[in-house]
Amino acid sequence: MSASSSSLESLIHSIIPQSRNDQVLFNELLAHCTDVLSSHIGQSRERDIGHLADLVKRRLAQSRPDGVSSVQFSNLLSRLLEQPVLSRKYDSILFLHSLASSTRTPLVTPSFLPSLVPSPPISSKQTPAVSPIDAIATVQPQPLKKGKSKAELLRAVRARSGYPHIPELALLRDALYLLQGISGKHVRFATGKDGGTEMSLLFTEDSGYYISTPTKQLVYRLSEVGHLYIRVDHFIREREARSGIGMIEQSLCHHLQSQLTEYYRLIAVLESQLNITNAQDQDTRSSQATMSMEPDVRTEESGLTLRRLDVWVNEWRLRMRMMSVCVEAAKDTHGGALVNLIHSYTENGDPFVRKFTDQLLEEASVSKPFFETLQKWLFSGELYDPYLEFFVTVDPELAHLQYVYPSSLSTGTGIMVGDGGFGGFNVDQDDLPGERESGLRLWQAKYKFRQEMLPAFIFSTGRSLNFIRYSCHDTDWIATREKMSNTNGTLQYSDIFGLERSIDTAYRIASQRLFDIFFDKFRLLDHLRALKNYLLLGHGDFADQLMETIGPSLSKPANSLYRHNLTATLETAIRSSNAQKDPPDVLRRLDARMLEYSQGEIGWDVFTLEYKVDAPLDTVLDPDSMVKYLKLFNHLWKMKRIEGTMTKGWVRTTGATKAFVRLPELESEWHRIRLITAEMIHFIRQMAVYCHLEVIECSWKALVDFINEKEGDLDALINAHRVYLDRMVKKILLIGPKAGREENLLNQVREAFSLILGFYDATEHFYNLCMTESSRRDGERDQTRGIYTTTEKRTSPQQAEALLNGLRQCKEYGTSFSEKVQVILHALQTHADLDYRFLGIRLSFSDFYRAKKDLQKS
């Protein structure tokens, strides 16, 4: 056996394994291969490329009489002859011409590319075809007889072995079933073992038919569409059967159902094509049985095939994928979050995905319920969201509550009743009828913003309108709504830039209107100024009058004071100062009261002023802010008391001691007491100047500048007021940055205040002792002149001891105060805040305490 024969046998065994056991089949295949190898195609003869070109042109003229193909062939041939790449040009053209001559020329030239299906065999009555060389010689090309293709040979082998390919029509019928989510006869869907949503595809191969691997892969591609259809259809049916489905999901289901309706039309068209193909196949089989011919492959090209079916459903495969993505997203999200998720696909680089998403959100009206709710929220401040699909939700506990304030404020004028507008001092706001709720709590907690939704400025716009309408009871809110509604008509997804412009305009108009209501109707700036003038002691004459009139009463025990007496004293202080020119609505809110007291406390420890606010002012001036105002008032009031007390003590120590106390041996001691008094007065006045000028006035200017700009919304106004108040609390109370030690410096200052008051009491006691001793000595001098004004003749040891104790006590208070101030200065000068360091410079501008400290060390 030659080497070529052994190689040929090995090739046949490797390609067709069945030939190893079937000797008849092996002999047939070996004979066929031998015939192919011994054929005369390509036999050498005289090469006339011009003659060959004429043959090609004649054949092209038969297929295209217009001559266009001939001209194109001439151009291509000339270009081919010029190229040195291909050496065997004649053989190449002859090979192509032989291939074209071996096919049967169709009666009607199709519009697509020429078919490569082999021509049907020639019957015995016909003249056998000559070789391509003979055709060239006779200039009459005839079809060349050729052997069967490999696919035909395999088909014939499997047919003889009883294991043929499954008919394609049967798979087509199953494929159409798969597209509808139905299992077929030979291919069916199977759920997972756990009964979940995962599905697999099973092929039923009996002993009579065989399904090739490429065909299986094609069926797998087709079954993907059916699997996605099952998922989408199941979602729609599940949502239709469930109650309480949101409007956005309802719109999504309606769009998906309309898409499936178009899909059903495609399935109907494909089934009609399948029926035509089935009828043609039956006609072909009957003709084959009559004429004893092989199957006509060309009949398959005019009907439906698996590959053509895959081309038909390719676009729907992409649609089903996008619909499946929407379905999966709708299982975990709903409402605005679903719209937001679908909108994110508009940034995809695939034009088909962007087009489908835009169609889903705009033409399918999936986003229409969301934008209708958004338009009501933006332009009316109303929230209609029965299915909780919007990015704003209302707190059920606060949904029924509204802002309630006294009827006197409903007119916006604040008209007072009683004597000159001061009759309201005895009215407590807590006794007002009606259900009240903190304005700040309703503003911040009634409507909540969902984190996963849209930008917060949309939320603020609708909330501002709702606050204007239901909280401020603004009668002109309808005009504001009309102005906002005329900005850009109806909100639509297709006009994103118009939507952004409408939102910005609505936000600006609502915020401006809310600012106007607070500062024009409810006079918020007047109330802020009143808090600064009264609780922060900005009205100097009022503070002095109040201190003078109420001081004697506050020196009494706290349990002996009554609120009506304090209120009357407060009214007297207002009438005797420029505070009487303030608006009556402001004065009506000012009141005096006592804090809770314990045994042994006096009026100075429990007295405080109170400024009453109601809705909607309590949105900005919330209870926490009022507590901070009271804390500042107590601190500043104590400083004012110490300043007035030390002023009286200075008058006593500088004037009365020189005029009435004639004790030469104590002059130096009284001079030292005056120096300590001046030191304390300097300390307390510098603290007051720092609080009023560097803290309160600077903070007030920043707040007024923000108010004059009128930028931002109510949240910005609340934040600006909090910054203003927090800055004053931090700097006036000298709050430190270290956690757990914030009030260390404040405690040091309060101890210094206590030392000053203790020093004043000790000085008063020592002054009284000195006056007693001076009176006794005046009596002794009078006795020398014969005038007897006293019975005491000499200083008793008890009186001398009392003088020494009083003097020692004054010195101790003075020394303790100096040491305490040095500690405070050290803390101020090493503080990170620049204002604190400047305060330290104020308190010791000439390095007085440093020199004093150095003197003590030496």
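These legends accompany an overview and close-up views of salt bridges in a predicted model.

**Figure 1. Overview of the protein chain in the predicted model.** The chain has 858 residues, and 42% of them count as buried. Its secondary structure comprises 31 helices and six strands. Contacts with a separation of 6 or more were examined; 73% of them join residues 24 or more positions apart. The accessible surface is about 46,500 Å². Carbon and sulfur atoms contribute 54% of that surface. The salt bridges number 33. The close-ups below show some of these.

**Figure 2. Close-up of the salt bridge between Asp 526 and Arg 523.** The two side chains meet at 3.0 Å, N to O. Asp 526 has 18% relative accessibility and counts as buried, because the cut-off for buried is under 20%. Arg 523 has 40% relative accessibility and counts as partly exposed. This pair therefore joins a buried acidic residue to a partly exposed arginine.

**Figure 3. Close-up of the salt bridge between Lys 612 and Asp 591.** The closest N and O atoms are 3.7 Å apart. The pair links distant parts of the chain, with the two positions 21 residues apart in sequence numbering. Lys 612 sits in the loop between β6 (607-611) and α25 (623-660). Asp 591 belongs to strand β5, residues 590-594. Both partners are buried: Lys 612 has 8% relative accessibility, and Asp 591 has a relative accessible area of 2%.

**Figure 4. Close-up of the salt bridge between Arg 842 and Glu 694.** The side chains meet at 2.7 Å, N to O. Arg 842 lies in helix α30, residues 834-843. Glu 694 lies in helix α26, residues 667-709. The partners are 148 residues apart in sequence, so the salt bridge ties together these separate parts of the chain. Arg 842 is partly exposed, with a relative accessible area of 27%. Glu 694 is buried, with a relative accessible area of 19%; that value falls under the 20% cut-off.

**Figure 5. Close-up of a salt-bridge network.** Five residues take part: Arg 221, Glu 224, Asp 310, Arg 317 and Arg 321. Salt bridges that share partners join them into one network. Side chains of opposite charge can pair when their charged atoms come close. Here, the arginines are Arg 221, Arg 317 and Arg 321. The acidic residues are Glu 224 and Asp 310.

Technical notes. Residues numbered from 1 in each chain as written. Predicted model: local features only at pLDDT ≥ 70, side-chain atom pairs only at ≥ 80, totals over all residues. Heavy atoms only, no water. Helix = DSSP H or I, 4+ residues; strand = E, 2+ residues; numbered from the N terminus. Buried < 20%, exposed > 50% of the residue type's maximum accessible area, 1.4 Å probe, protein only. Contact = heavy atoms within 4.5 Å. Areas by Shrake-Rupley, 256 points an atom, 1.4 Å probe, with all protein chains shown as cover. Salt bridge = Lys/Arg side-chain N within 4 Å of Asp/Glu carboxyl O.
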